[in-house]
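Thank you all for coming; I would like to take a few minutes to walk through one model with you. Please have a look at it first, and then I will begin with a question.

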Amino acid sequence: MTDSEALKTNVREKYAEIARQSRETNAKSCCGVGAPGTYTIMSESYANLQGYNPDADLSLGCGLPTEFACIEAGDTVVDLGAGAGNDCFVARAATGPEGKVIGIDFTPEMVRRARQNAEKLGFNNVEFRQGDIEDMPVSDASADVVVSNCVLNLVPDKRRVFAEIMRVLRPGGHFSISDIVLVGELPGSLRESAELYAGCVSGAIQRAGYLDLIREAGFQDIQVQKEKPILIPDHILLEYLTENQLRDFLQSGMGIFSVTVFAEKPGGVEKRQKKEKHKVNLAELKAAIACCEPGSGCC
Ligand SMILES: C[S@@+](CC[C@H](N)C(=O)[O-])C[C@H]1O[C@@H](n2cnc3c(N)ncnc32)[C@H](O)[C@@H]1O
């Protein structure tokens with residue numbers, strides 16, 4: 001088995017376990033994975049979003065990509081790593097019955113749970129496909145919008161995923177993806193933890209490298225729409241670090257961030273004006289990050 005296959009097997013096993021447990025149990029851990037009674041990366045609530053279905057919300061996301069995705073009625077939306085379908089049902093509220101939503105996940109237990117949710121809601125335009133987002137079961141140039149929530153950090157070949165997004169989007173289509181990125185190096189014992197890999201931390205790459213991959217895949221109009229630090233509590237870090245290592249880590253200035261990134265496939269013009277209004281004011285973004293201090297309760 002290659003390293004990539006081993007990582008994927010670990011991720012699939014962890015998310016199969018999560019698909020079998022309750023939302024309450026997942027909400028107490030990192031990305032649904034880890035010691036019980038700990039913390040969650042997800043700090044934003046879906047509860048007020050149109051289309052929200054609590055049965056589909058396993059508390060596994062790290063942002064609200066659908067809020068930034070400029071989804072219009074009639075759009076075809078693809079959600080990468082759809083889990084139990086949380087973002088798909090919110091996206092479906094925006095596409096309406098004339099649109100289509102396709103959720104992709106490679107964990108059979110998640111796909112099963114998502115399909116059950118769609119069936120209960122009686123939607124015939126929300127479809128869940130089992131597959132690997134490094135090789136998406138979606139035809140070329142068929143999607144208007146791609147969304148994803150806290151998944152690309154789990155994928156060994158992120159370059160390939162961006163190439164696949166480019167393939168499945170129509171010219172002028174765009175994505176809005178929430179994910180975890182790093183600024184600075186994680187200590188070795190955090191980087192090598194299988195649990196923190198499945199927990200959406202140690203598979204994350206550098207923020208600058210992440211944006212470079214998007215640029216190199218050929219996307220344009222790349223914008224960081226939202227960004228905020230993730231603060232892992234000391235008692236979790238102490239499961240992996242000694243007291244001295246923890247002190248060095250806290251003083252190192254290393255940061256773990258949740259980001260929502262937008263980018264567009266070249267070749268279309270018609271939706272540009274609408275997308276303009278979703279550009280963020282960088283000064284406002286910096287102010288928001290600055291007030292997100294430890295203990296402020298925002299992370
Ligand atoms: C952190 S969960 C997020 C689930 C969902 N987006 C949400 O916010 O509720 C990650 C999901 O991505 C799926 N996943 C991870 N790697 C994948 C891959 N290479 N291809 C398809 N799905 C993948 C997992 O099975 C899991 O359901």
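Leaving aside its neighbours within four places in sequence, which residues is Val78 in contact with? Before I answer, please keep in mind that this is a predicted model, in which local features need pLDDT of at least 70 and side-chain atom pairs count only at pLDDT 80 or more, while totals for chains, interfaces and linings use all residues. Residues are numbered from 1 along each chain as its sequence is written.

Beyond that sequence window, Val78 is in contact with Ile102, Ile104, Val138, Ala143, Val146 and Val168, where contact requires C-beta atoms, placed from the backbone, to lie within 7 Å. Val78 also belongs to the largest nonpolar core, which has 72 residues and in which Val78, Val146 and Ile180 touch the most other members; such a core is a set of buried Ala, Val, Leu, Ile, Met, Phe, Trp, Tyr and Cys residues joined through C-beta atoms within 7 Å. By buried I mean that 20 or more other C-beta atoms lie within 10 Å of a residue's own, whereas exposed means 12 or fewer, and partly exposed is in between.

For the chain as a whole, 44% of the 299 residues are buried, and the secondary structure comes to 12 helices and seven strands, these being DSSP runs (H or I, at least four residues, for helices; E, at least two, for strands) numbered from the N terminus.

Turning to helix H3, nine of its 10 residues are buried, so H3 is largely enclosed by the rest of the structure. Those buried residues, among them Cys88, Phe89 and Val90, pack against strand E1 (76-80), E2, helix H4 (108-121), strand E3 (126-130) and strand E4 (143-149). Just after H3, Gly96 takes a positive phi of about 70 degrees.

Helix H1 offers another picture. Val11, Lys14, Tyr15, Ile18 and Ala19 are its buried residues, and they cover an arc of only 140 degrees around the axis, which puts them on the same side of H1; the arc is that of the directions from the helix axis to the C-beta atoms. The face turned away from that buried side carries the exposed residues Glu5, Ala6, Thr9 and Arg20.

Finally, Cys200 sits in the loop between helix H7 (194-198) and helix H8 (207-216), and Cys200 counts as buried because it has 28 C-beta neighbours inside 10 Å.

Technical notes. Contact = placed C-beta atoms within 7 Å.
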